[in-house]
Amino acid sequence: MNEKIMENSGKSFLVLILPISFLIVFLVNTWKVLLVILGLLMVFNLWQQSRWEKWCNQVNPLFYELIQENQGKITPMDLAIKGNFSGEAAKSYLDGKAREFGASVLESENEEDQSYYFINASILGDILDSSELVEKLAAQPVTKIARSFLAPPSSIPQEEEAQSESLLTANHDEAKKPLEEQLVFGSLIQSELAKRLNVYSSTVYKRRNDPDFTQWSRSRDPDGIAWSYSRKSKDFFPVEE
């Protein structure tokens with residue numbers, strides 16, 4: 001049994017080593033030819049690149065002319081018609097320019113219908129000059145806008161003051177409920193205490209950690225009850241005397 005396994009492994013090894021041997025012999029005998037072919041390919045690639053750059057330099061004036069005429073928008077067909085060359089060459093040229101200048105490309109099912117958008121300073125200025133937004137801004141002097149920011153804040157209208165006073169009065173009337181009804185859980189939250197003291201909730205928030213908060217809350221409480229703030233529960237509890 002072991003002899004058969006060794007015989008099969010030896011045959012598989014021969015099957016692998018024979019192609020490797022032929023490849024080594026081929027490389028030894030033809031390495032000079034392969035090196036020449038590789039060198040020719042590199043030279044051909046450099047020649048094609050140089051030829052492409054020379055052709056692009058000839059197309060550049062046509063490209064810039066179309067950009068100015070169409071306000072930055074150009075398609076491969078426009079360039080191909082203008083320069084009288086193939087659409088494939090025009091698309092390759094525009095792809096390179098899009099990468100160079102960071103242009104926006106609007107994709108399409110037909111490659112010849114793709115649109116490339118190039119923006120320069122003059123085109124951007126023309127777009128802004130023709131927009132209605134700039135006309136509206138130009139109609140109002142900058143000095144007036146600046147003065148509006150520098151002007152002192154206007155006084156609060158009397159109607160708003162009356163509304164705020166009525167709101168505080170309503171909160172104060174609500175706070176006149178018996179203390180037992182308000183202290184359902186044995187304490188009051190910030191908004192409930194603010195209603196009871198007839199002040200804004202932000203006022204209670206600012207003064208809750210003051211040393212004289214107990215005396216201040218007693219002076220504002222309708223029943224003369226002093227209040228203390230618990231940082232642990234974030235609630236307000238009546239002070240037992």
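Let me begin with the hairpin of β4 and β5 in this predicted model. Strand β4, residues 227-230, and strand β5, residues 235-238, run antiparallel and are joined by four bridges. Two of the pairings can be named. Serine 228 has phenylalanine 237 of β5 as its bridge partner, and serine 230 is partnered by aspartate 235, also in β5. The two faces of β4 are unlike in cover: Trp227 and Tyr229 form the covered face, whereas Ser228 and Ser230 form the uncovered one. Both serines with named partners therefore belong to the uncovered face of β4.

Four residues lie between the two strands of this hairpin, and there lysine 234 takes a positive phi near 65°. Most residues other than glycine have a negative phi. Lysine 234 departs from that pattern, as its phi is positive although it is not a glycine. Is lysine 234, in terms of accessibility, buried or exposed? Its relative accessibility is 53%, and because the threshold for exposed is over 50%, lysine 234 counts as exposed.

I turn now to the other sheet. This is an open sheet of three strands, in the order β1-β3-β2, with antiparallel pairing. Why do β1 and β2 each have one side without a neighbour in the sheet? β1, residues 73-74, and β2, residues 104-106, stand at the edges with a single partner strand each, so one side of each is left free of a neighbour in the sheet. Between β2 and β3, the latter covering residues 115-117, there are three bridges, and these two strands run antiparallel. Within that pairing, leucine 106 stands opposite serine 115 of β3.

Helix α3, residues 87-101, packs on this sheet and touches β1, β2 and β3. The direction of α3 makes about 30° with that of β3. One residue of α3 deserves a remark, namely glycine 96. With a relative accessibility of 25%, glycine 96 counts as partly exposed. In sequence, glycine 96 is 40 residues from cysteine 56, yet their C-alpha atoms are 9.8 Å apart in space.

Helix α3 also has a helical partner. Helix α2, residues 76-83, has an axis that comes within 8 Å of the axis of α3, and the two cross at roughly 120°. The crossing of α2 past α3 is right-handed. Which residues make the contact? From α2 they are Pro76, Leu79 and Ala80, and from α3 they are Gly87, Ala90, Lys91, Tyr93 and Leu94. By class, the contact of α2 with α3 comprises six nonpolar residues, one polar and one charged.

The next element is helix α9, residues 190-197. Its buried residues are Leu193, Ala194, Arg196 and Leu197. These buried residues lie on the same side of α9, because they cover an arc of only 160° around its axis. As a general point, an α-helix has 3.6 residues a turn, so residues three or four places apart point the same way.

Arginine 196 is the charged name in that list, and its place is in α9. The relative accessibility of arginine 196 is 0%, so this residue counts as buried. The C-alpha atom of arginine 196 is separated by 7.4 Å from that of proline 222, which is 26 residues away along the chain.

Directly after α9 comes asparagine 198, with a positive phi near 60°. Like lysine 234, asparagine 198 has a positive phi without being a glycine. Asparagine 198 lies in the loop between α9 and α10, the latter spanning 201-207. Where does asparagine 198 stand in terms of accessibility? At 23% relative accessibility, asparagine 198 counts as partly exposed, whereas lysine 234 counts as exposed.

I close with the chain as a whole. It contains eleven helices and five strands. Of its 241 residues, 22% are buried. As for contacts between residues at least 6 apart in sequence, 42% join residues at least 24 apart.

Conventions. Residues numbered from 1 in each chain as written. Predicted model: local features only at pLDDT ≥ 70, side-chain atom pairs only at ≥ 80, totals over all residues. Heavy atoms only, no water. Pairing = 2+ DSSP bridges. Contact = heavy atoms within 4.5 Å. Axes fitted to C-alpha atoms, helices over the stretch in contact; angles between N-to-C directions. Left-handed = near helix turned anticlockwise from the far one by under 90°. Buried < 20%, exposed > 50% of the residue type's maximum accessible area, 1.4 Å probe, protein only. Arc of directions from axis to C-beta.
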